[in-house]
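Biologist: Please take one helix of this model and walk me through its surroundings. I would like to hear what it packs against and how its side chains join the rest of the fold.

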Amino acid sequence: MPGPVTVAGRQLKRYHVDQPGCRISPAVHRAAYAVLPRLLPTRDGDDTPSAGWVVLHRGADTGAYLVAYSWVWDNVVEVRIAAAGQPAVSCPDDDPTHFVDLARPWAGCVWELGVLEHERAAWVRHVLAPQRPDLAGWLADSHAEGPVGR
């Protein structure tokens, strides 16, 4: 599992979801992380720790998806998505490195939502419940690697 990264001042955990026959290539990885900064919200006076997580998902077909989840207003998750290679969701072609922003009100697909479940519980455990928020503890608490959806 890739380790945390700081992008545009926001500390992000990284998760990768792929298929046995269709791994995330270095080109898809580079293209996805190049568009990540534009998926992150600005601070706008919010004193929530600048943190979140990102899921890079390589579909079984030509699609690739980058889902950026950011903590805002202390206990709210903002979601922004970019997709590549999937004309069915308004991508201009089937190139999995050609990411475009999606304006759909989605939170992620079933294979990505296991991470959302984990991150909600980890945020409560490390940031909201303790007397003093432990952002380092939250960053170290990642969803287990392995097959998703089981």
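**A close look at helix α2**

Modeller: Start with the inward side of the helix. The buried residues of α2 are Val115, His118, Glu119, Ala122, Trp123, His126 and Val127. This is a predicted model. Helix α2 covers residues 113–128, 16 residues in total. From first C-alpha to last it reaches 21 Å, close to the 22 Å expected at 1.5 Å a residue.

What do the buried residues of α2 pack against? Their partners are β2 (10–17), β3 (51–58), β4 (64–72) and α3 (135–140).

Take Trp123 next. The structure holds 4 aromatic pairs. In one of them, tryptophan 53 and tyrosine 69 are stacked, at 4.7 Å centre to centre and with 10° between the planes. Tryptophan 53 lies in strand β3 and tyrosine 69 in strand β4, so this pair ties together parts that are 16 residues apart in sequence. Both of these residues, tryptophan 53 and tyrosine 69, are buried. Tryptophan 123 pairs with tryptophan 138, and this pair is edge-to-face: 5.3 Å between centres, 90° between planes. Tryptophan 123 belongs to helix α2 and tryptophan 138 to helix α3, so the pair ties together parts that are 15 residues apart in sequence. Tryptophan 123 and tryptophan 138 are both buried.

The rings go on from there. Ring pairs link Trp53, Tyr69, Trp71, Trp123 and Trp138 into a cluster. A charged side chain also meets this cluster's Trp138: lysine 13 lies over the face of tryptophan 138, at 4.2 Å from the ring centre.

Now the nonpolar core. In soluble globular proteins, nonpolar side chains tend to be buried together. Here the largest nonpolar core has 21 residues, and Trp53, Val55, Ala83, Trp123 and Trp138 touch the most other members. Helix α2 is among the elements that give two or more residues to this core, together with β2, β3, β4, β5 (76–84) and α3. There is also a second, separate core of 19 residues, which includes Val28, Ala32, Leu36 and Phe99.

Tryptophan 53 shows how the helix meets β3. Leaving out residues up to four places away in sequence, tryptophan 53 touches Val115, Leu116 and Glu119, among others. Val115 and Glu119 are both on the list of buried α2 residues. The contacts of tryptophan 53 also include Leu12, Lys13, Tyr15, Val67, Ala68, Tyr69, Trp71, Val77 and Trp138.

One polar residue deserves its own stop. Histidine 118 is in helix α2. Is histidine 118 buried or exposed? Histidine 118 has a relative accessible area of 16%, under the 20% cut-off, so it counts as buried. Its side chain makes a polar contact with the side chain of aspartate 141, at 3.0 Å. Which residues does histidine 118 touch, not counting those up to four places away in sequence? They are Tyr15, Arg125, Asp141, Ser142 and His143.

To put the helix together: the buried residues of α2 pack against three strands, β2, β3 and β4, and against α3. Trp123 joins the ring cluster. His118 adds the polar contact with aspartate 141.

Methods:
Residues numbered from 1 in each chain as written. Predicted model: local features only at pLDDT ≥ 70, side-chain atom pairs only at ≥ 80, totals over all residues. Heavy atoms only, no water. Helix = DSSP H or I, 4+ residues; strand = E, 2+ residues; numbered from the N terminus. Expected span 1.5 Å × (residues − 1). Buried < 20%, exposed > 50% of the residue type's maximum accessible area, 1.4 Å probe, protein only. Contact = heavy atoms within 4.5 Å. Phe/Tyr/Trp six-rings, centres within 6.5 Å; stacked < 30°, edge-to-face > 60°. Lys NZ or Arg CZ within 6 Å of the ring centre and 35° of its normal. Core = buried A, V, L, I, M, F, W, Y, C linked by side-chain atoms within 4.5 Å. Polar contact = N/O pair within 3.5 Å; in protein donor to acceptor, adjacent residues only side chain to side chain.
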